[in-house]
Amino acid sequence: MKNNILVVGSSNTDLVIQTKQFPKPGETILGGKFQKFGGGKGANQVVAVARLGGNTSFVAKVGNDEFGNESLKDYQKHNINTKFVFTDNSTPSGTAVIIIDQTGQNSIVVAPGANNNLSIEDINTAEQAIDEAEIVLTQLEIPIETVEHLIHQAAEKKKKIILNPAPAVNLSGEILSKLFLITPNETEAFILTGIEIKDIPSADQAADKLLEKGVQNVIITMGEHGAFFKNKETYF
């Protein structure tokens, strides 16, 4: 039997332009190929879970516009339950404009749009989805008060909560203590622990600090150097 996995988070449309070099301030340049993709950390998570065969639902907010409608159709195409993907009639869907130069470097500007309006009330409306989930997966591209409320609700219901703490903010010990798993990268781990990740020993120290705060499992992603894992069994 498949686990029911609930993802709560952001839904964006990524507008990507390839170019030889980034424009200088005030400069207009001609770019190359243009592409449009579904994006947002929440959407990326829920589509990944669906592609891996998970039984998944999504709580998010989109605008009543072309981008929002296309996103909904894409989620449904992946057999994602969209009952609690809410439509905001006053705010456009989240959008990211991404410029990629010939070396592969990128420059990104995100307009969060309707993501900023995913509210505590929306989480309460989606309580059924929380009740039915074994795992709750979220990130920080929606209002922090909404994330905190979700974590409190899911913890009360004894759900396994997985947090990708991006974009990074400081989180209280109360929130961290409710997490089954946290997956920061080096920058996010530094913000959460004050420990600069340079190598495996420093990743180990940062993981220990997160475990001290009550997180059950820690994965620190380290780019080309892979990932570092530690849990309470190996810590104590």
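How many residues does helix 8 have, and how far does helix 8 reach from its first C-alpha to its last? In this predicted model, helix 8 covers residues 200-212, which makes 13 residues. The reach from first C-alpha to last is 18 Å, close to the 18 Å expected at 1.5 Å a residue.

Let's stay with this helix for a moment. Its buried residues are S202, A203, A206, A207, D208, L210 and L211; you will notice an aspartate, D208, on that list. Once helix 8 is behind you, look for G214, which follows the helix and has a positive phi, near 110°.

Now step back along the chain to helix 5, residues 144-156, and find L150 there. Is L150 buried or exposed? Its relative accessible area is 1%, and since buried means under 20%, L150 is therefore buried. Leaving out residues up to four places away in sequence, L150 touches V8, I123, I130, V136 and T138. For a sense of distance, try S107: L150 and S107 are 43 residues apart in sequence, and their C-alpha atoms are 31 Å apart in space.

Finally, turn to a pair of strands. Strand 4 (residues 55-63) and strand 5 (residues 81-88) run parallel and are joined by six bridges. If you would like to pick out one pairing by eye, start at G63, whose bridge partner in strand 5 is D88. To get from strand 4 to strand 5, the chain passes through helix 2, residues 66-77, and the resulting β-α-β crossover is right-handed.

Note on methods
Residues numbered from 1 in each chain as written. Predicted model: local features only at pLDDT ≥ 70, side-chain atom pairs only at ≥ 80, totals over all residues. Heavy atoms only, no water. Pairing = 2+ DSSP bridges. Helix = DSSP H or I, 4+ residues; strand = E, 2+ residues; numbered from the N terminus. Right-handed = clockwise from strand over helix to strand, strands pointing away. Expected span 1.5 Å × (residues − 1). Buried < 20%, exposed > 50% of the residue type's maximum accessible area, 1.4 Å probe, protein only. Contact = heavy atoms within 4.5 Å.
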